[in-house]
Amino acid sequence: QKMQQQQQQQQMQNMQRQVEKMETSNGNTTKGVVVQEPPKSTSSDDKNVAASNSNEKNEDQAGDDSSEKDTSGNAVPSDIRYTEEGKQIPVGNGGTTTRYKWTQTLNEVTIAMAIPPNTRAKDLKVELKKKSISISHLPSKKSLLDGTLSNEIQTSDFESTWSIESNVILVMLEKKNKDWWEHVLEEDFASEIIDTELLDKTHKISDYDTATQGMIRKILFDQRQERLGLPSSDEILHEETSKKVGGNEMCSGVGNGIITNVEDLKKNLPPGAEFIDY
């Protein structure tokens, strides 16, 4: 306690010397005010607290300076979720970069990127090549996006296209190979790569070609018939064929088992059955 009192007295004396030259106010000297009420911030404990706060602030600033940045020096958005391996958890089977967001299906990739307000289609120059993309804003002569695609795309008419909606450009890229992309551009930052193991890889029947759709529907129908103890599609078809042959309603090709009167066959199928010509 004696040492603390001595330190406090020394601090008071120092403060007094600093304020001796200050002007008086309302007949009282600032010196007198300081003597009567020593400043609280001069205690050794408060100094330690201030030093600690200063260190924390410096650490926070250092953390900000060391945050990940993309190839353009832009900070990576902090609201993205990552796996333990450091990859993005996909949203819409795509991800987020500092310049754009993207989603994908098995057939195409869609890029959504903000553009200057009131931008019209004629203000943009968009070049879509099989392994690159370039988007420029002509009035400002600025490049909005330019890079090498991570995978090849289809570039013929009406396959890879773009449009503008509410100050956002939407670019639809038709994939050449039906693969899942980890990222869109080779220049994307490492933290902008998504984890393809977490993708929703379920597909709609409409995603496939007509022949494949027919085969899938046939398999699903036969599985349902089997669960219900009902005849399969092949058994139904054989039964209808036998009826037509017995009634001499088949056209040429009966001997080969070919059905030419398809419309009649469709009408005689039981509920839930679907005729698929593939």
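## Salt bridges

In this predicted model, the count of salt bridges comes to nine. One of them pairs R99 with D188, with 3.7 Å between the closest N and O atoms. R99 sits in the loop between β1 (95-96) and β2 (101-104), and D188 in the loop between β8 and α4 (210-228), so this pair ties together parts that lie 89 residues apart in sequence. The two partners differ in their surroundings: R99 is partly exposed, at 24% relative accessible area, whereas D188 counts as buried, at 9%.

Let's look at some others. E174 and K178 meet through their side chains at 3.6 Å, N to O, and K178 is partly exposed with a relative accessible area of 41%. There is also a network of salt bridges, which links K218, D222 and D234.

## Strand β4 and its hairpin

β4 (124-129) is a nice strand to follow residue by residue, since its side chains alternate. L124, V126 and L128 point to one face and are buried, while K125, E127 and K129 point to the other face and are not buried. On that second face, K125 and E127 form a salt bridge, their closest N and O atoms being 3.6 Å apart. Both are partly exposed: K125 has 44% relative accessibility, and E127 has a relative accessible area of 32%.

The neighbour to look at next is β5 (132-137). A hairpin of two residues connects β4 to β5, and the two strands run antiparallel, joined by six bridges. Within this pairing, K129 has S132 of β5 as its bridge partner.

## The nonpolar core

The largest nonpolar core holds 22 residues, and the members that touch the most others are I111, I133 and V184. At least two residues of this core come from each of β3 (108-114), β4 (124-129), β5 (132-137) and β8 (168-174).

I111 makes a good place to start exploring. Leaving aside residues up to four places away in sequence, I111 touches Y100, K101, W102, I133, I169, L170, V171, L173 and V184. I133 and V184 thus appear among its contacts.

## The chain as a whole

Stepping back, the chain has six helices and eight strands. Along the sequence they follow the pattern α-α-α-β-β-β-β-β-β-β-β-α-α-α.

Of the 278 residues, 25% count as buried. Among contacts with a separation of 6 or more, 49% involve residues 24 or more positions apart. The accessible surface comes to about 19000 Å², and carbon and sulfur atoms account for 47% of that surface.

Conventions
Residues are numbered from 1 along each chain as its sequence is written. This is a predicted model: local features need pLDDT of at least 70, side-chain atom pairs count only at pLDDT 80 or more; totals for chains, interfaces and linings use all residues. Side-chain values use heavy atoms; hydrogens and water are left out. Helices (H or I, at least four residues) and strands (E, at least two) are DSSP runs, numbered from the N terminus. Buried means under 20% relative accessible area, exposed over 50%, partly exposed in between (1.4 Å probe, protein chains only). Contact means heavy atoms within 4.5 Å. Accessible areas come from the Shrake-Rupley method with a 1.4 Å probe; for residues, only the protein chains shown count as cover. A nonpolar core is a set of buried Ala, Val, Leu, Ile, Met, Phe, Trp, Tyr and Cys residues joined through side-chain atoms within 4.5 Å. Two strands pair if DSSP finds at least two bridges between them. A salt bridge is a side-chain nitrogen of Lys or Arg within 4 Å of a carboxyl oxygen of Asp or Glu.
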